[in-house]
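Subject: Structure handover

Hello,

Here is the structure we talked about, with the sequence alongside. My notes on the cysteines and one surface patch follow below it.

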Amino acid sequence: MLAVISKAERLPIKTYTVADGLLRDSVTRIKQDSRGFLWFCTAGGISRFDGYAFTNFTNNDGLPDRHVNDFLETRNGVIYLATDGGLARINPTGLANSKDNPLFSVILNDNPKAKSFQVLFEDESGTVWAGTSDGLYKLKVQDKLEAFNLVKSLTGVDEIAITTIIKDRRGAMWVGTENSGLFRLLESGEVEQFTTENGLPDGHITSLLEDKNGRIWVGLSPHHASGLCLLVAAPNKNQKIVERFFTTKDGLSSSWITDLYEDDDKFWIATTRGLCLWQGANAASVCKTYTAKNDLCDYDVWTITKDKDGNLWTGSKCGAKKWARYGFTSYSEADGTANPLVNSIFENAEGALFVSFNNGKERSVSRFDGEKFELVKPNFPAEVNYFGWGWKQTVWQDRTGDWWFPTGFGLYRFPRPARFQDLANATPQKIDNGTQSLEIFRIFEDSRNDIWIVTIGEAGNKLWRWERTSDIWHDSTQEMGVEKKSLVAAFVEDKSGNLWMGATSEVGAAALVRYRAGQFKTFTQNENELLAGSIRDLFIDHAGRLWIANVATGLLRLDDV
């Protein structure tokens, strides 16, 4: 069995339960209507959510049964609810507990075995189809139900329980059943049935989906065999219709598939063991599974949908879960980070994202692959047991692939490793430029590939530049023209290749320094009173403007750089 991918990143999840006004914690279907209301089907009734609060409808309001299985708003704005006690239609002007003007009109049929309505579907012509505990029905004018003949003689059972309905782009309607496999209703009126004789692993169908490529996916529930089926491109009743069958051996968290959903770029699978993000049929594991570790649910995820704002919703045993389209995802040590003390975040020249960690006594680096982090602890000499207190531009991989690490005992460089993991075993070079016994506070690489470093020492703080082409280190402290105790805390380079530095001072004075064509120019409070406090950060925006974070005067902007 393949290991299921299940990371512990904390997602931007908001959970709604009975404590928030939801009727039941277990939500089996979620639908959104044309006005933006979300409807949650539960075993206690149906809850309507306006984004702030829930309005609940139960037997007391006229529902024929408390078990609500599906919700449908037609193109004409009529709302139907499928319940275990019949089909209910909402009267928009109705009143709860009113005999003359009830809130719900109940639609029954003549078949007592078909009392439970499980799934609703409206086709392109406006016809409403209802799947029941015994057969498929069409809703006619004046809310009359008409049975549609699914040939029972082919099923070997007395009742055909309908579970799911879709219509493909070729105009055929697919009907999944609990006990009789698949039916396909062709535009010609012909009805085809597909069972285990056509290659289906089992006849217990839970969900159907036509993907953006026009392929049909079939979810199964446990019986003889369960899992996920991909049908052949053009299913034919006289051939085997399953192209591939996926189970837990392929990486599914559970072979009991409860729902399928595809949005613009993702394919989601709800299972009884968490939410699966499809990774591809040829991936090492077909699923990246999200569970309680990610603030979702370990068990019984029943339904998936996306609202009009792009938020992903799941209904589960743990309540309704909203995965916000915009929000923060947090990562812990289980995802490959070292500890909460993130020291810097940066991209190398190839666009790979790295995070460095520094707890004072240990330095480590993680590389992010888009899903998880890979943590490496570089092979520093044993005597290097203090790594300073600098922030932001600290650890760096330069454009040649070499790694630079500031420490409390000087600057170390690891020649470009064959693999990122090799940092754990490679031997670093200590840079011998007069800074080898000094604490390194900041490191920065400019567009000329020169390396700038800031050091802290009892004799004063210094600014150094390594000129790569000549392999010469320059002490630029005096040329920079700021006081001895000043500390360069921020670097940024503008589009013209000018290097800007923000300096802080023990007495609170600030200096903005520009390095252009080999010359330094210093701007202080004497030139502009807004430069009254320490500069903590610098940023160049898309228009080329320089933004300055000043602790005394706030956020400053320099347009003419």
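Why does Cys229 have no bond to the closest cysteine sulfur? The model is a predicted one, and in it the sulfur of Cys229 lies 14 Å from that of Cys287, the closest cysteine sulfur, which is too far for a bond. Cys229 is buried, at 0% relative accessible area. Cys41 is also without a partner, because its sulfur is 18 Å from the closest one, in Cys297. Cys41 is buried as well, with 0% relative accessibility.

The structure does hold two disulfides. In one, Cys276 is joined to Cys287 with an S to S distance of 1.8 Å. This link is left-handed, with -90 degrees about the S-S bond. Cys276 sits in strand S24 and Cys287 in strand S25, 11 residues apart. Cys276 is buried at 0% relative accessible area, and Cys287 is buried at 0% too.

The other disulfide is formed by Cys297 and Cys318, whose sulfur atoms are 2.0 Å apart. Its link is right-handed, with 60 degrees about the S-S bond. The two cysteines are 21 residues apart: Cys297 is in the loop between S25 and strand S26, and Cys318 in the loop between strands S27 and S28. Cys297 is buried, at 2% relative accessibility, whereas Cys318 is partly exposed, at 31%. In sequence order, the bonded cysteines pair 1-2, 3-4.

Away from the cysteines, Tyr386, Trp389 and Phe409 make a nonpolar surface patch of about 300 Å². Phe409 is in the loop between strands S34 and S35, and is partly exposed at 33% relative accessibility.

Regards

How values were computed. Residues numbered from 1 in each chain as written. Predicted model: local features only at pLDDT ≥ 70, side-chain atom pairs only at ≥ 80, totals over all residues. Heavy atoms only, no water. Patch = residues over 30% accessible without salt bridge, like charges linked within 9 Å, V, L, I, M, F, W, Y side chains within 5 Å. Areas by Shrake-Rupley, 256 points an atom, 1.4 Å probe, with all protein chains shown as cover. Salt bridge = Lys/Arg side-chain N within 4 Å of Asp/Glu carboxyl O. Helix = DSSP H or I, 4+ residues; strand = E, 2+ residues; numbered from the N terminus. Buried < 20%, exposed > 50% of the residue type's maximum accessible area, 1.4 Å probe, protein only. Disulfide = S-S within 2.5 Å.
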